[in-house]
Amino acid sequence: MSTARPLPQYLVQRYHGWKATTYKENQAWYRRLVSGGQHPRAMVISCCDSRVHVTSIFGADQGEFFIHRNIANLVPPYEPDGDHHGTSAAVEYAVTVLGVAHLIVLGHSQCGGVQGCLDMCQGKAPQLEVKESFVGRWMDILKPKFELVKDIEDGAQQIRTLEQFAVVASLENLMTFPFVKQAVDEGQLTLHGLWTDIGEGGLAWYEGDTGKFIPV
């Protein structure tokens, strides 16, 4: 494949620095991760946004989290139609093979995907409306929640609320997966919804009984 090229030099240098320090000092641990396989206690579904650093937020080390990232941390509904479903495949593997005890959906502030959904619902993003837009069709998952925020006049509050509804929509869709519902019903799996404020370093969790996000 002629379009593939060598890594940028700054990444090569960072790799050699890691190999000479972090890896060298923890070589036995890395080899144990390989020989013992992975046994994460939790799966985290987060946004692709480069500012969301899942492992840093929780001080997690390698082997602790099974992480899946996509646009706006969305989970689609269960659709066993034989097509390609990356997020659904990750959920299936985490629950049925790895047997994670916790499944966390982590949303965040200033989410570009959620902003795109809001713009699309307000008729401000025709480029996302076209059939060929992968982002637009992915954000269709969240569009039904727009009805719950369309009358919020404060723009900052409106986008933040929709960001949090992206977490709620994902939790609702997770329960449409038969193997997720079974694991939850049997007490083998718990679902968690979180939203983090990147600028303030805040974290809030979704309380299902009240439908509110409570600061941690």
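**Exercise 1.** How many salt bridges does a search of the whole structure find?

*Solution.* The model is predicted. The search finds six salt bridges.

**Exercise 2.** Take the salt bridge between D49 and R51. Give its distance and classify both residues by accessibility.

*Solution.* Step one: the closest N and O atoms of D49 and R51 are 2.7 Å apart. The cut-off is 4 Å, so the pair qualifies. Step two: D49 has a relative accessible area of 14%. Buried means under 20%, so D49 is buried. Step three: R51 comes to 44% and is partly exposed.

**Exercise 3.** Place the K181 and D185 pair in its helix, then rate the exposure of each partner.

*Solution.* Step one: both residues belong to helix α9 (residues 178-185). They are four residues apart, about one turn of the helix. Step two: their salt bridge has its closest N and O atoms 2.7 Å apart. Step three: K181, at 40%, is partly exposed. D185 reaches 53% and counts as exposed.

**Exercise 4.** Which residues are joined into one network by salt bridges that share partners?

*Solution.* The network holds R137, D140 and K143. One of its links, K143 to D140, spans 3.9 Å from N to O. K143 is partly exposed at 28%. D140 is partly exposed at 29%.

**Exercise 5.** Describe the largest pocket by volume and lining.

*Solution.* Step one: the pocket holds about 310 Å³ of space. Step two: its lining includes H84, H85, R137 and W138. Step three: by class, the lining has four nonpolar, five polar and three charged residues. Step four: α4 gives the largest share, three residues.

Technical notes:
Residues are numbered from 1 along each chain as its sequence is written. This is a predicted model: local features need pLDDT of at least 70, side-chain atom pairs count only at pLDDT 80 or more; totals for chains, interfaces and linings use all residues. Side-chain values use heavy atoms; hydrogens and water are left out. On a 1 Å grid over the protein atoms alone, a cavity is a set of points where a 1.4 Å probe fits but cannot get out, and a pocket is an open set with protein on both sides within 12 Å along at least five of seven lines; lining residues have an atom within 4 Å of a point. Grid points are joined across faces, edges and corners, and a volume is the space filled by probe spheres set on the points. Helices (H or I, at least four residues) and strands (E, at least two) are DSSP runs, numbered from the N terminus. Ala, Val, Leu, Ile, Met, Phe, Trp, Tyr, Cys and Pro count as nonpolar, Asp, Glu, Lys and Arg as charged, and the others, Gly among them, as polar. A salt bridge is a side-chain nitrogen of Lys or Arg within 4 Å of a carboxyl oxygen of Asp or Glu. Buried means under 20% relative accessible area, exposed over 50%, partly exposed in between (1.4 Å probe, protein chains only).
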